[in-house]
Amino acid sequence: MAGAVSGTTILWFKRDLRVDDHPALATAVALGRPILPLYILEPGLWAQPDASGRHFALLSEALDALEDALARLGAPLVRRVGAATEVLEDLRRAHDVTCLTSHEETGNGWSYARDRAVADWARAQGVTWKQVPQSGVVRRLASRDGWAARRDRFVFAEPVPAPGGLRSLQAESDPWPGPARLGLRPDPCPGRQSGGRAAALGTLDSFLTERGRDYRRAMSSPLDGATACSRLSPHLALGALSVREAARAAAARQRAVRGTREGWAGSLKSFQSRLAWRDHFMQKLEDEPALEHRCLHPAYEELRPRVPDAARLAAWERGETGLPFVDACMRMLTHTGWMNFRMRSMLVAVASYHLWLDWRATGPILARLFTDYEPGIHWPQMQMQSGTTGMNTIRIYNPVKQGRDQDPTGAFTRAWLPELEPVPDQYLQEPWRWEGASALLGRAYPEPIVDVPAAARAAREAVWVVRRGEGFRDTARGLVHKHASRKDGTGRFVDDRATRRRRKAADDRQGSFGF
């Protein structure tokens, strides 16, 4: 037939595990060729230090849901195990593949190198690889000027409808391995969220109609935040839900509650700003992939020992530092895979300043624990909270004060540290000051591994030595111009230079980012 197209299109699912609002799927359909939906389980990716068993469990649930959705469209999901270029070449030969579609991924360094290898393969084999955005992140961005408006145009555009059916090909799937086959250690996470599209939509609905009313007030609370925060981050990280779907649903809810005085308006506004911050931070890694491995400001490269103090690192990871609020937070994270942003910031700050551990030692540990691990957020935030960006205010959280402020009744700390049951409330965050401490510390609960005020003082002095160094400010100004948000005094993203000149040069709103 005249005008008919030949060949097959592979629709490569990566971190976009849905069929609704799926630009790469729509692109594949528009090509008019038979479609082969593919997920590649890559052992090399799972061998990276940021991968964990809890990630694999969540992925498996999301893939099962995607498989069901594709089956309803008449297009079975093909699951293959191996290196991406080898899997793609095998399918190309067997099915006359001429086109590959996928979303633009801002992932870790391993996935970045993998995508470059796939691009080389595609060029060598004459395969057209069409990568399309699925968020507000912009590839090859020349300047942050105008980014906010461009992001909003994408996020608030009409969602891409799922097709009514797909013209697909049949291909064999590989057996699905368990986590042990991938070299993943046992990783019990009894309190983690379930994965998949239905779980994502249910979480979004419950947040927008019930849980989210107190979001603005309660997001920083270690107790209330677990309910009041959206809890959408694991689903956004795997793409079971798109940012556009979340933002548009929130906008519809904003219209519905306009004029009411029940707390919804402020909370939904805060939620929208944090969805924008999500893209903002991912853009940082997109623009500077080395953020995963090198300090953004090079003057900080030798600030902390690259080989960490093993005892301190292990105590922090296990929640056995002897600093109650820190340990309670780490134990909650280990059990649930989630924690609100303020507590995440505190964990990183205490590790970086009081324990003097390099962010490249602590970052992979937290990446493995977070079920919502998103490289584009994680690595810029690891650097922000450890003070190595050169752009931000030095923020040294006092873990004792944080415990008193954020857990005034002690309910959170006691829930995760039952061994502190005999400690009176007034000494809960500083049990070493209690007259009965000798019977508890070093026995049922550890002695504090650092003196909090002294450790903070030493860290502050060391950081300021670097900041006063020759050329530090000149480099910092260049970093602010490239990476800092374009925001006005109200917290809104802006694009005009005049407004930006009136704002503070430092990008110091990271403490407010809280899914």
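How many cavities of 30 Å³ or more does the structure hold? There are five; here is a quick tour of the biggest one and of what is packed elsewhere.

1. Before you start: this is a predicted model, where local features need pLDDT of at least 70, side-chain atom pairs count only at pLDDT 80 or more, and totals for chains, interfaces and linings use all residues. Residues are numbered from 1 along each chain as its sequence is written, and side-chain values use heavy atoms, with hydrogens and water left out.

2. The largest cavity holds about 430 Å³ of space. A cavity here is a set of points on a 1 Å grid over the protein atoms alone where a 1.4 Å probe fits but cannot get out, and lining residues have an atom within 4 Å of a point. Points are joined across faces, edges and corners, and the volume is the space filled by probe spheres set on them.

3. Look at the walls of the largest cavity next: 24 residues line it, and Arg15, Leu45, Trp46, Glu105 and Leu238 lie nearest its centre. Elements giving two or more residues to that lining include strands S1 (8–13) and S2 (35–41) and helix H3 (53–72); H3 has the largest share, three residues. Helices (H or I, at least four residues) and strands (E, at least two) are DSSP runs, numbered from the N terminus.

4. S2 is worth a closer look, as seven of its seven residues are buried (under 20% relative accessible area, 1.4 Å probe, protein chains only). Ile35, Pro37, Tyr39 and Leu41 sit on one side, with Leu36, Leu38 and Ile40 on the other. S2 pairs with S1 in the parallel sense over five bridges (DSSP must find at least two for a pair), and Pro37 is the bridge partner of Leu11.

5. Now the largest nonpolar core: it has 78 residues, and Trp316, Cys329, Leu333, Leu347 and Leu366 have the most contacts inside it. Such a core is a set of buried Ala, Val, Leu, Ile, Met, Phe, Trp, Tyr and Cys residues joined through side-chain atoms within 4.5 Å. Helix H15 (residues 341–354) gives the most to this core, with eight residues. A second, separate core of 28 residues includes Leu25, Ala51, Leu66 and Ala75.

6. Finally, helix H16 (residues 359–369): 11 of its 11 residues are buried, including Trp359, Arg360 and Arg368. Its cover includes H3, H15 and helix H17 (375–386). Trp316 touches Thr362, Ile365 and Leu366, among others, where contact means heavy atoms within 4.5 Å.

How values were computed:
On a 1 Å grid over the protein atoms alone, a cavity is a set of points where a 1.4 Å probe fits but cannot get out, and a pocket is an open set with protein on both sides within 12 Å along at least five of seven lines; lining residues have an atom within 4 Å of a point. Buried means under 20% relative accessible area, exposed over 50%, partly exposed in between (1.4 Å probe, protein chains only). Lists of a residue's contacts leave out its neighbours within four places in sequence.
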